[in-house]
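This report is for a reader meeting the structure for the first time. It covers a pocket, then the enclosed cavities, then one sheet.

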Amino acid sequence: MVQSVAGLAAKAVNEGRGDELVWVDNGGGDLEKWYARLITQQPELARPGALEPWDLVDRYVKQGIIKGYILYRRDQSKGESHTSRPGMDCSANVASSLAGILDGIMVDETLEREAKAHGLKLLLDVRGKSQPWCLQTYRDQFNRRMICLQDPRVPHVRDLAIAHKVFTAFGSDESIPAAMAWLEPLSPILGWNCGDEFANTDLSTRYGHIQTATDWCLNLPVLMAGTEKVNLPRARGFDPRTIDWNDAHSAIAFVDTDGDNVQWLLGNFFGNASYWANPERGTIPFGWSCCFDQLAQLCPQAIEYALETRTTNDWFIEWGGGYYYPDRFGRQRTNRWELLARHARRTWELMKRTNSRIIGFNFSQVDSPEAHQACEVFAGQTDGLLAIFAFQYAPYEGGAGKVFWVRDRNGVEVPVMTARYSIWEHANRRARAGTPAKVAREIRQTTDGTAPAQPPRQDWVIAHVWSYFKYSPDTDENAENLPQEAAEAHGGVRGYSPVVWCAERLPAGVRVVNPEELAWRIRMQHDPAQTKRLVDQFQ
């Protein structure tokens, strides 16, 4: 119910009928950190104080923002949240979808008596109504530039969906592919659906949409208010004039995964000791994949914090400008490459605002002709893109470190650098993948096997952020693996520290460098004349 109240208040602000937004207290964490920063930056904002839910309802009834209530039945199906469960009752999603259209709050049937006691009238009873019925009946009244995928028993992100009159659904019924086809291309997908990750993302990808991974987000209408007027901080870039070009060492860069996960970077990334709050952070040069393009629109305070607290060894890579597979983008549309070019232009404009110079792409087939064309299309809309870091959905290291070249809008060649190695739990059976110890050994063998007449190796490692490992100084490469369930209780560690373990096992002949330095070194190997001109022009 509270999410629907917050959504209707935000809708009224969007429409010029109100001037108040609702912040829902979540008990601390990074979200409260962003809110505190917002209030500090805008001291003119009045805060009337905390209100109880029904007092909030009364407040907005008096202002004409709430017209009544929509009655639904709480889902009681058995199983974990965010999974497909037999017998799911999705009437909460129907109520959420219609709240912004009817200006009604969502009321579970167990609260109906209290709603009536507060003088609310029943606008619609959606118990027993399905998601396909909802889309078919109200299609013409929904916003065609966004949909929301959310478990009917989870309240998160509904405030933003309601504020924008967005159709909300979950599961595998026919309403979701129908909505994907009906949406205008390049629409963001709020939330996250259950089921197979690739299948879900491929569905939105093929229709030319962008997944945001926001199903645990809260208070987005407050955090994103006025962001279009914010002057974003600019990240410090790497100066290629500091490179010792006579250094003949092989180089390796490490980059983490999942930076396109908005809810993670807004929620518990910065305060988590596995990641940004790791006391070892700064030990080695490291590339943090990120979603600065989306945070610029949703929560600039998170970008500010990242740049204020970075060490000299922390570097950022924009992770796709959202989650999609570029080689499959817009396959269901007749103008797929035009759509990708449009997305590239708006992504690049946001990247320039934060001085992001590298983008990472997740391909279904990293070495396919469509992947090459997607990179050509994307790079062709940029002017100053330093590199594209490419990896494959499965396996991440499928590109084997190959590099191919595309051109930006000025004709300057841009490297597309595929991941050669991946740090991933229980993956030692695969070549170039597995525990930190195994990956370190394979890096060592590759560099040792490089003939003196050949140029030094320039590769990168993608490190899976959810894989747990257990520290072991032994030579047994399987000793770092452990069961993933309850891994922390058994000494499991994930994120930044396992990468440090890998780096510490590398020989002196291999230098760990940041992703931007790696890109410059690859450029110099490929085309010294062009690269020297770019270095001379560097500002």
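The second largest pocket is lined by 25 residues, and E197, D258, N261, Y323 and W466 are the ones that lie nearest its centre. The model described here is predicted. About 570 Å³ of space lies in this pocket. Sorted by class, its lining has 13 nonpolar, 8 polar and 4 charged residues. Which element gives the most to this lining? Strand β11, residues 358-363, does, with 3 residues.

**Cavities**

Besides open pockets, there are enclosed spaces to look at. The structure holds 3 cavities of 30 Å³ or more. The table sets out the largest and the second largest of them.

| Cavity | Volume | Lining by class |
|---|---|---|
| Largest cavity | about 60 Å³ | 4 nonpolar, 4 polar and 3 charged residues |
| Second largest cavity | about 40 Å³ | 5 nonpolar, 3 polar and 2 charged residues |

Which residues line the largest cavity? The lining includes A235, R236 and G237. F292, R310, W315 and F316 also belong to this lining, as do T354, N355, S356 and E516. The charged class of this lining holds 3 residues.

The second largest cavity is lined by S250, A251, I252, Y421, I443, T446, T447, R457, D459 and V510. Two elements, β8 (250-256) and α16 (436-448), each supply at least two residues of that lining. Among the residues lining this cavity, S250, A251 and I252 fall within the range of β8 (250-256). I443, T446 and T447, also in the lining, fall within the range of α16 (436-448). Of the classes in this lining, the nonpolar one has 5 residues and the charged one 2.

**A sheet of three strands**

The last topic is a sheet. Strands of a sheet pair through backbone hydrogen bonds, either parallel or antiparallel. Here, an open sheet of 3 strands has the order β2-β1-β3, and its pairing is parallel. Its edge strands are β2 (104-108) and β3 (122-125), each of which pairs on one side only. From one strand to the next, the twist averages 30 degrees.

How many bridges join strand β1 to β3? Strand β1, residues 68-72, is joined to β3 by 3 bridges, and the two run parallel. Across this pairing, I70 stands opposite L124 in β3. In the order of the sheet, β1 sits between β2 and β3.

How values were computed: Residues numbered from 1 in each chain as written. Predicted model: local features only at pLDDT ≥ 70, side-chain atom pairs only at ≥ 80, totals over all residues. Heavy atoms only, no water. 1 Å grid on protein atoms, 1.4 Å probe; cavity = no way out; pocket = protein on both sides within 12 Å on 5 of 7 lines; lining within 4 Å. Points joined across faces, edges and corners; volume = space filled by probe spheres on them. Nonpolar A, V, L, I, M, F, W, Y, C, P; charged D, E, K, R; others polar. Helix = DSSP H or I, 4+ residues; strand = E, 2+ residues; numbered from the N terminus. Pairing = 2+ DSSP bridges. Axes fitted to C-alpha atoms, helices over the stretch in contact; angles between N-to-C directions.
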